[in-house]
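Here is a short walk through one protein model, written for someone who likes to know the cut-offs behind each statement. Please keep the viewer open as you read.

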Amino acid sequence: MPIRTIGKTEIAVTPVAMGCWPISGISSLNVTVEHSRRTIQSAVDAGINFFDLAYSYGYEGECECLAGEVLQPLREQVVIASKGGVAWQGRKRLFDAQPEVIRAQCTESLQRLRTDLIDLYYLHSPDVNVPVAETAGAFAELLDEGKIRAVGVSNATVDQLREFELVCEVAAVQPHFNMLQREIEEDLVPYCRERNISVVVYWPLMKGLLAGGMTRDHQFAPGDGRARYPMFQGEEWQRNHDFLDQLRPIADEVGCTLAQVVINWTIHRTGITAALCGARRPEQIEDTAASMNWKLTEDQTERINVAIAARGSIVSKNKP
Ligand SMILES: NC(=O)c1ccc[n+]([C@@H]2O[C@H](COP(=O)([O-])OP(=O)(O)OC[C@H]3O[C@@H](n4cnc5c(N)ncnc54)[C@H](OP(=O)(O)O)[C@@H]3O)[C@@H](O)[C@H]2O)c1
């Protein structure tokens, strides 16, 4: 299995990681706990060793509990990432990156994950009410205490990252990135390449849209939060489908699925360390895991890049 390292550490990860948000219980429409257990196990069986979680995946930490249960017997062979700094108050999401909150959330995450060491612990998002340096201080302490192996920062600008780094070494960042949302290539990716910081990206399938499983007349189930994003609506939706229609002949030529073309392109993009592939069911993660052991040809990559340029980027308005 191809392996990449996180920042300057020796943490070795597969370029396809499993993103556990879709099985968090919040967004998991029609997904049972048993399904979710099987999805995590299928990821391991398919060769994935990198799992992305967060304190806030699940209203009460359900996702970490579930992953902790399935991954505990496999602890030596998997890399567990989690995040602190975002929590739920009832059904309301709170951003809180005060040092004492980060420390308390990390302690809880360690318990839920049934481990004494989190391999990669991210700040989920900078908090406008707390100076970045103060938050970074808490992460530096967690490192010193041996509770985490490496530190990551998610949803941060280059300036915020720079500030964080003055207090605590950063091994990885976690921004969103996919074929149609590539703004990080302008600033964050070059910055990270220069400093040997890994770039682990979320939404590689644009929340499922780029996997091509939704038809043009797709109706979201009631409660599916994706319906509110502009990329799933009106003219943007149709243009995104036009774009997918240009990728389909390439998938046919390779003899793979659309999702595999998209993920393969993503993990071979300059400066990208790993793609966090969300999955709701075992067959989805088995499909995306099969994007790892091969590479699109230069000609196929070039044709994809031409289609991407013709479609144009979708920026900021689709941010979480
Ligand atoms: N740091 C942050 O703030 C942040 C924010 C968002 C996400 N994340 C992380 O990044 C991960 C990825 O994001 P995401 O899960 O929202 O989006 P994603 O990976 O872009 O898309 C996941 C969705 O795509 C569909 N899918 C997956 N594999 C498929 C396949 N092989 N064939 C067809 N459809 C497939 C499934 O949706 P359907 O079954 O419904 O079609 C799945 O729920 C998350 O799980 C989480 O770990 C981090």
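The report below covers the model itself, one helix, one strand, the ligand shell and a few single residues.

## About the model

This is a predicted model, in which local features need pLDDT of at least 70 and side-chain atom pairs count only at pLDDT 80 or more, while totals for chains, interfaces and linings use all residues. Residues are numbered from 1 along each chain as its sequence is written.

Helices (H or I, at least four residues) and strands (E, at least two) are DSSP runs, numbered from the N terminus. A residue is called buried if 20 or more other C-beta atoms lie within 10 Å of its own, exposed if 12 or fewer, and partly exposed in between, with C-beta atoms placed from the backbone.

## Helix 3 and its two sides

The 14 residues of helix 3 should span 20 Å at 1.5 Å a residue, and the end C-alpha atoms are indeed 20 Å apart; the expected span is 1.5 Å times one less than the number of residues. Buried in helix 3 are Val101, Ile102, Gln105, Cys106, Ser109, Leu110 and Arg112. They lie on the same side of helix 3, because they cover an arc of only 165° around the axis, where the arc is that of the directions from the helix axis to the C-beta atoms. As background, an α-helix has 3.6 residues a turn, so residues three or four places apart point the same way.

The cover over these buried residues includes helix 2 (62-71), strand 5 (79-84), strand 6 (86-89), strand 8 (118-123), helix 4 (132-144) and strand 9. The face turned away from the buried side carries the exposed residues Glu100 and Thr107. Threonine 107 counts as exposed because it has 12 C-beta neighbours inside 10 Å. After helix 3 comes arginine 114, with a positive phi near 55°.

## Strand 3 and its partners

Which residues of strand 3 (residues 16-19) are buried on each side? Val16 and Met18 are buried on one side, and Ala17 and Gly19 on the other, so that both faces are covered.

Strand 3 pairs with strand 12 in the parallel sense over four bridges, and methionine 18 has cysteine 277 as its bridge partner there. Strand 3 also runs parallel to strand 4 (residues 50-52), joined by two bridges, and in strand 4 the bridge partner of methionine 18 is phenylalanine 51. Two strands pair if DSSP finds at least two bridges between them.

## Around the ligand

Of the 27 residues around the ligand, Gly19, Trp21, Tyr202, Gly208 and Gly278 come nearest; a residue is near if its C-beta atom, placed from the backbone, lies within 6 Å. Strand 12 (274-278) and helix 9 (282-289) each supply at least two residues of this shell.

The shell divides into 14 nonpolar, nine polar and four charged residues. Here Ala, Val, Leu, Ile, Met, Phe, Trp, Tyr, Cys and Pro count as nonpolar, Asp, Glu, Lys and Arg as charged, and the others, Gly among them, as polar.

## Three buried residues

Asparagine 155 has a positive phi of about 60° although it is not a glycine. Asparagine 155 sits in the loop between strand 9 (148-154) and helix 5 (158-165), and counts as buried because it has 21 C-beta neighbours inside 10 Å. Lysine 207, also not a glycine, has a positive phi of about 60°, and is buried, with 22 other C-beta atoms within 10 Å.

Valine 261, in helix 8 (residues 258-267), is buried, with 24 other C-beta atoms within 10 Å.

Terms used: Contact = placed C-beta atoms within 7 Å.
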